[in-house]
Amino acid sequence: MLRSVRRLLTLLDVHHCGKAARPLGCSIPEPCAVFNVESTMADAGLYKPPPAVRGMTVLDREAFAQTISVPALRVPTTVLNKVVKSLKKVALQRPGVKRVVDDEEGADGGGEHRLLLLDPQCVATAESFGREETAALTAYGVPAELRRYDLQLTYENLKSEEVLRAVLPEGQDVASGFSRVGHIAHLNLRDHQLPYKNLIGQVIMDKNPGVTCVVNKTNTIDSTYRNFQMEVMAGESNMVAKVRENGVFYEFDFSRVYWNPRLSTEHERVVSLLRRGDTVLDVFAGVGPFAVPAARRGCVVLANDLNPEAHRWLQHNARLNKVGAALTTFNLDGREFIRGPVRERLPGLMRGPGAVHVVMNLPALALDFLDAFRGLLGPELDQDLSCEASLPQVHCYGFSKEDDPQRDVVRRAEESLGASLQGRCSVHMVRNVAPNKEMMCVSFCLPKEVVYRNRSSTEDDSEEPSPKRQRCEETE
């Protein structure tokens, strides 16, 4: 039953949590898609939408107005604040609605008393008060006598899921959750919601201050450049987002690069493992959510991304955060980056005082790219570099739909590396992406039998695609 309710009710009015990204110049945190089902169920009986709004495709805010009757308690002004505090659990809480109103019908003209509006889902009769509320009313000399108050509800007093539940056909999902990226709200609408997409977009903007653009994803993520086609449902067409994540500023064209605000905790987790003087090799860097904070932490960073647009914004964000001198960028395929710039620099980096970390955040494909490390440093074992402490620490991401996702990602990593990781790795569950689909991170010290060995004919460089022209640029 609870699962059905969760699907029926939208995630649009989300609570804010964690250290998610914040839009610049806005004090509202990034939504984390955590929805209070119980509060919505309670509100469901308070507002009965007018039948005329059902099927509306062009938003008419005036059509949602309705007068409802709610219980009220007459309270002397001398103890008003104390009573309000004691009864806060049963007081009416609606957007834009005052809980305390004038007692216009009182014998004193409302001068010495006020009416405290109560939630009809909590208080139906005087006997509905709990022990704590009853004791407080007795202590302050307030009779537990309920009155009725006619309250005018308008569109401004409604939550977004109430508006959409009133408009969309009965029995269908109201709307899917959305992600907030700066001023942009991003949704994945289902087919039955598409006729109402412009109205849904307008409601999201109305109910979420700071959102000035609402977009709907129209296809799956492109595995090459990790972006997707989108259409503007409401608001401006400006796709250049400005966000702040974990104290770092980023700017990028959301329509042309990959950005997921739900990964902010994971970005922080990995960056917290780094120490000043370490080196970070970011194979699929995107616009820099690992690379830029690593550079700010005092690491030397080599960051790569195949998407030219992501590469451009990566450089921009390095300059924006004043870490251009510590961050070198590349615009290459992931295997070319590993077998080119990484192979050239790795022996020297391993002789340095700091640790070497390899980050591979392309969950759909990254585990398959681990084969690029086979024989990376050739067949000759360098005694100076062969100890485990000097070998790179790899953090590789992958999706799994298996019953045991931890075992699955380790098995796939072992197949790509051609070596066992049993007792040599740790696995972290990053997030649940979809029902029966998890995002995992497997971390391990790159085995020396992988990087030092003869490569088979199938692994020879001559079998790889012709490399693109290497672009290596120091950001300023």
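In this predicted model, V270 is found in helix α7, which covers residues 264-271. With a relative accessible area of just 3%, V270 is buried. Leaving out its neighbours within four places in sequence, V270 is in contact with F290, V359 and Y397. A look along the chain adds A294: V270 and A294 are 24 residues apart in sequence, and their C-alpha atoms are 9.1 Å apart in space.

Two of those contact partners of V270, F290 and Y397, also turn up among the aromatic pairs, of which there are six by the rule used here. The ring centres of F290 and Y397 lie 6.1 Å apart and the planes stand at 35°, so this pair is tilted. F290 belongs to the loop between β14 (279-282) and α8 (291-296), while Y397 belongs to strand β18 (residues 393-400), so the pair ties together parts that are 107 residues apart in sequence. Both rings are tucked away: F290 counts as buried at 4% relative accessibility, and Y397 counts as buried at 0%. F330 and F337 make another tilted pair, because their ring centres are 5.3 Å apart and their planes are at 55°. Here too the partners are covered, with F330 buried at 0% relative accessibility and F337 buried with a relative accessible area of 0%.

Aromatic rings show up in other settings as well. Y250, F252 and W259 come together as one aromatic cluster. Charged side chains also sit over rings: K207 lies over the face of Y155, at 4.3 Å from the ring centre, and R335 places its charged end over the ring of F369, 4.4 Å from the centre.

Next come the sheets. Strands of a sheet pair through backbone hydrogen bonds, either parallel or antiparallel. One open sheet has four strands in the order β8-β9-β10-β11, and its pairing is mixed. Its edges are β8 (178-181) and β11 (230-235); each has a single partner strand, so one side of each is left without a neighbour in the sheet. On average, neighbouring strands in this sheet are turned by 25° against each other, direction ignored. Inside the sheet, strand β9 (residues 184-187) and strand β10 (residues 213-217) run parallel and are joined by four bridges. H186 stands opposite V215 in β10. Helix α6 (residues 197-207) packs on this sheet and touches β8, β9, β10 and β11, with its direction at about 60° to that of β11.

A second open sheet also consists of four strands, this time in the order β5-β6-β4-β7, with antiparallel pairing. The edge strands are β5 (100-102) and β7 (146-153), and each of them pairs on one side only. Neighbouring strands are turned by 45° against each other on average, again with direction ignored. Three bridges join β5 to strand β6 (residues 113-117), and the two strands run antiparallel. The bridge partner of V101 in β6 is L115.

The stretch after β6 holds T125, which is placed in the loop between β6 and α4 (131-139). T125 is partly exposed, with a relative accessible area of 38%. T125 and E145 are 20 residues apart in sequence, and the distance from C-alpha to C-alpha is 8.5 Å. Helix α5 (residues 160-167) is mostly covered, as seven of its eight residues are buried. The buried residues in α5 are S160, E161, E162, V163, L164, A166 and V167.

As for the protein as a whole, there are 13 helices and 21 strands. Of its 476 residues, 50% count as buried. Among contacts with a separation of 6 or more, 71% come from residues 24 or more positions apart. The accessible surface of the protein comes to about 22,400 Å², and 48% of that belongs to carbon and sulfur atoms.

Notes: Residues are numbered from 1 along each chain as its sequence is written. This is a predicted model: local features need pLDDT of at least 70, side-chain atom pairs count only at pLDDT 80 or more; totals for chains, interfaces and linings use all residues. Side-chain values use heavy atoms; hydrogens and water are left out. Two strands pair if DSSP finds at least two bridges between them. Axes are lines fitted to C-alpha atoms, for helices over the stretch in contact, and angles run from 0 to 180 degrees between N-to-C directions. Rings of Phe, Tyr and Trp (its six-membered ring) pair if their centres lie within 6.5 Å; planes under 30 degrees apart count as stacked, over 60 as edge-to-face and the rest as tilted. Buried means under 20% relative accessible area, exposed over 50%, partly exposed in between (1.4 Å probe, protein chains only). A charge sits over a ring if NZ of Lys or CZ of Arg is within 6 Å of the ring centre and within 35 degrees of the ring normal. Contact means heavy atoms within 4.5 Å. Accessible areas come from the Shrake-Rupley method with a 1.4 Å probe; for residues, only the protein chains shown count as cover.
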